[in-house]
Amino acid sequence: RFQGKSWVKLIPVIKVLADAHIPWLGHLLKGTARLSYFHSTSELHDLLPGNDALLIRTVAPINPTIFPEFPSSLKFIGSATAGTDHVDVDWVEKNNIRFASSPGCNAPSVAEYVVTAMLLAIGDIAGLKRCRVGIIGFGHTGKAVSRMLDRIGVKWLAYDPPLEEMRTGFTGTDFADVLGCDIITLHVPLTVSGRWPTFRMIGEKELKGRKYRMFINAAR
């Protein structure tokens, strides 16, 4: 109290600019943020100044070419996606802006899509049980696919040497064995360097002489 009056500490309202196609934000942020939307990336330069946070999808590239400078108000960029190749994360962080993505957010949906596609291609569960599925990439989505295949009794092999090297307890098969399966499904990030780059990891050489019931690329 001061001179008979009660003083309440005012908390600044966080201003958030978000992609209009990200659902439920109005409900999730109700009462905690002042939310506005953009419908096209061409609007970002006009609408972003004055906002504390930016929420995007993969259709909004963030890099030094698009944003040679960020508004001084911007403190956070979040992407409602598992992948981050549309964002130059180093550039964002060099500008003292925090970045976050959503790994695993769509894993169950992708797994449902993949297994449904297999069933439609093979015809029924009995036919699918006679197949062996090779899962390349055993992160959130690859694991979700394996769990769904386990529920219906389908055998699978997994290949993910970076995960194996991290000593997580995962032991996968080798590349030749996984390519020898009846169905292949890809769930890897796009990488162009390191010991196991995924860019052009499967081509004419790897597929020569092989016949598949189905080949699914559910990766980026």
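Biologist: What makes S6 and S8 a pair, and in which sense do they run?

Modeller: Happy to take that one, with the reminder that this is a predicted model. Two strands pair if there are at least two bridges between them. S6 and S8 are joined by 4 bridges, so they meet that condition, and they run parallel. As an example of a partnership, Val-133 has Ile-183 in S8 as its bridge partner.

Biologist: How do you know that S6 also pairs with S7?

Modeller: The cut-off is at least two bridges, and 5 bridges join S6 to S7 (residues 155–159), so the two count as paired. S6 and S7 run parallel, and Ile-136 stands opposite Tyr-159 in S7. On the way from S6 to S7 the chain passes through helix H6 (residues 140–151), and this β-α-β crossover is right-handed.

Biologist: Why is strand S6 called largely enclosed?

Modeller: S6 covers residues 132–136, and 4 of its 5 residues are buried, so the rest of the structure largely encloses it.

Biologist: Now strand S1: what makes S2 and S3 its partners?

Modeller: Again the cut-off is at least two bridges. S1 (residues 14–19) is joined to S2 (residues 33–38) by 6 bridges, so that pair qualifies. S1 and S3 (residues 53–56) share 3 bridges, so they qualify too. The sense is parallel for S1 with S2 and also for S1 with S3. Lys-15 stands opposite Arg-34 in S2, while Ala-18 stands opposite Leu-55 in S3.

Biologist: Let's turn to the loop between S8 and H9. Why is Val-192 called exposed?

Modeller: Exposed means over 50% relative accessible area. Val-192 has 65%, so it is exposed. Val-192 sits in the loop between strand S8 (183–186) and helix H9 (204–207).

Biologist: And which residues form the nonpolar patch with Val-192?

Modeller: Leu-190 and Phe-199 join Val-192 in that surface patch, and together the three have about 310 Å² of accessible area.

Biologist: Thr-198 is in the loop between S8 and H9 too. Why does Thr-198 count as buried?

Modeller: Buried means under 20% relative accessible area. Thr-198 comes in at 15%, so it counts as buried.

Biologist: How do you know that the side chain of Thr-198 makes a polar contact with the backbone nitrogen of Thr-191?

Modeller: The limit for such a pair of N or O atoms is within 3.5 Å. The side chain of Thr-198 reaches the backbone nitrogen of Thr-191 at 2.8 Å, so the distance fits that limit.

How values were computed
Residues numbered from 1 in each chain as written. Predicted model: local features only at pLDDT ≥ 70, side-chain atom pairs only at ≥ 80, totals over all residues. Heavy atoms only, no water. Patch = residues over 30% accessible without salt bridge, like charges linked within 9 Å, V, L, I, M, F, W, Y side chains within 5 Å. Areas by Shrake-Rupley, 256 points an atom, 1.4 Å probe, with all protein chains shown as cover. Salt bridge = Lys/Arg side-chain N within 4 Å of Asp/Glu carboxyl O. Buried < 20%, exposed > 50% of the residue type's maximum accessible area, 1.4 Å probe, protein only. Right-handed = clockwise from strand over helix to strand, strands pointing away. Polar contact = N/O pair within 3.5 Å; in protein donor to acceptor, adjacent residues only side chain to side chain.
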